Amino acid sequence: WERGHRHLLLTGTSSMVPPAMENDTTIQPYGCAVVRTWRARGGRVTPQVYDFAYGTLDWRHPETVLDCLTGADAPTAALSLFDTAAFALQKLLLERAPELAGRCDLIGNANTPWSQAGHPPIPSLDWNVQAIAAAASDLIRQLDAREVIAPCRRLIPPRLVLRTADTPSPQ
């Protein structure tokens, strides 16, 4: 937002993007929060389902994606609800529309090797899966021991992993 972005392209699978756009927090709470926050700030969100050709990372209908990123009011930032879609979007832009690649900032989700493999590497949200798994394991143990009686919540916040072209790739 601070970089002047007001129009966001939201990408993900058909099980991710529609629920996020429809504020279905039971299926896509993270995506809903992004859409709600972006709109509350006065921004626009354009949904784009990542429909890939089976066995590849290629978008099945690349023209549709490229069309929504052209024009005077095109999105200037793209958030993918999973890193593979961010990598595929970057790949599509670099191969088919390099002039658009420099105008659209990308961010992935989950901090997987897909975001790290981008050229340049793609910034991504890291959900600290190890901490989430440990907390779930503790809660199961507590439930088994009947140590937890009332419903409880434990927030494990994500962190943004920023990357640039000179960020070293993991070995």
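This is a short tour of a predicted model, one selection at a time.

**Stop 1: the whole chain**

Start with everything shown as a cartoon. You should be able to pick out seven helices and six strands. Colour from the N terminus onward and you'll meet them in the order β-α-α-β-α-β-α-α-β-α-β-α-β. The C-alpha atoms fill a box of roughly 60 × 40 × 35 Å along the principal axes. There are 171 residues here, and 41% of them count as buried. Now think about who touches whom: of the contacts with a separation of 6 or more, 68% are between residues 24 or more positions apart.

**Stop 2: strand 1**

Select residues 7-12, which make up strand 1. Is this strand enclosed or not? Six of its six residues are buried, so strand 1 is largely enclosed by the rest of the structure. Look at one side of the strand and you'll find His7, Leu9 and Thr11. Flip to the other side for Leu8, Leu10 and Gly12. Both faces are covered.

Next, add residues 44-49, which form strand 2. Strands 1 and 2 run parallel and are joined by six bridges. To see a pairing up close, click Leu9 in strand 1 and find Thr46 standing opposite in strand 2.

Then bring in strand 3, residues 77-80. Strand 3 also runs parallel to strand 1, this time with four bridges. Here, Leu10 has Leu79 as its bridge partner.

**Stop 3: helix 2**

Select residues 29-40 to light up helix 2. This helix has 12 residues and reaches 16 Å from its first C-alpha to its last, close to the 16 Å expected at 1.5 Å a residue. Which of its residues are buried? Show the side chains of Tyr30, Cys32, Val34, Val35 and Trp38, and mark Gly31 as well; these are the buried ones. An α-helix has 3.6 residues a turn, so residues three or four places apart point the same way.

What do the buried residues of helix 2 pack against? Switch on strand 1, helix 1 (17-21), strand 2, strand 3, strand 4 and strand 5 (124-126), and you have their packing partners. Before moving on, click Gly42, which follows helix 2 and has a positive phi, near 100 degrees.

**Stop 4: helix 4**

Now select residues 83-96, helix 4. With 14 residues, helix 4 reaches 20 Å end to end between C-alpha atoms, close to the 20 Å expected. Because 10 of the 14 residues are buried, helix 4 is largely enclosed by the rest of the structure. Among the buried ones are Phe87, Leu89, Leu92 and Leu93.

Zoom in on Asp83, which lies in this helix. Asp83 is buried, with a relative accessible area of 2%. Leaving out neighbours within four places in sequence, its contacts include Gly108, Asn109, Ala110, Trp114 and Ser124. Want to try the distance tool? The C-alpha atoms of Asp83 and His61 are 19 Å apart, with their positions 22 residues apart along the chain.

Step along to Thr84, also in helix 4. Its relative accessibility is 16%, so Thr84 counts as buried. Beyond residues up to four places away in sequence, Thr84 touches Tyr50, Leu57 and Trp114.

**Stop 5: the largest pocket**

Turn on a surface and look for the largest pocket, which holds about 990 Å³ of space. To find its centre, select Ala77, Asp105, Leu106, Ile107 and Pro123, the lining residues that lie nearest to that point. The full lining has 34 residues. Helix 2, strand 3, helix 4 and strand 4 (105-109) each give two or more of them. Which element gives the most? That is helix 2, with five residues. Colour the lining by class and you'll get 23 nonpolar, six polar and five charged residues.

**Stop 6: a few backbone details**

Finish in the loops. Between helix 1 and helix 2, click Asn23. Its phi is near 60 degrees, a positive value in a residue other than glycine. Asn23 is partly exposed, at 43% relative accessibility.

Ala110 sits in the loop between strand 4 and helix 6. Phi of Ala110 is positive too, near 115 degrees, and this residue is partly exposed, at 32%.

Last, find Pro120 in the loop between helix 6 (113-116) and strand 5. The peptide bond leading from His119 to Pro120 is cis, with omega near 0 degrees.

How values were computed. Residues numbered from 1 in each chain as written. Predicted model: local features only at pLDDT ≥ 70, side-chain atom pairs only at ≥ 80, totals over all residues. Heavy atoms only, no water. Expected span 1.5 Å × (residues − 1). Buried < 20%, exposed > 50% of the residue type's maximum accessible area, 1.4 Å probe, protein only. 1 Å grid on protein atoms, 1.4 Å probe; cavity = no way out; pocket = protein on both sides within 12 Å on 5 of 7 lines; lining within 4 Å. Points joined across faces, edges and corners; volume = space filled by probe spheres on them. Nonpolar A, V, L, I, M, F, W, Y, C, P; charged D, E, K, R; others polar. Pairing = 2+ DSSP bridges. Contact = heavy atoms within 4.5 Å.
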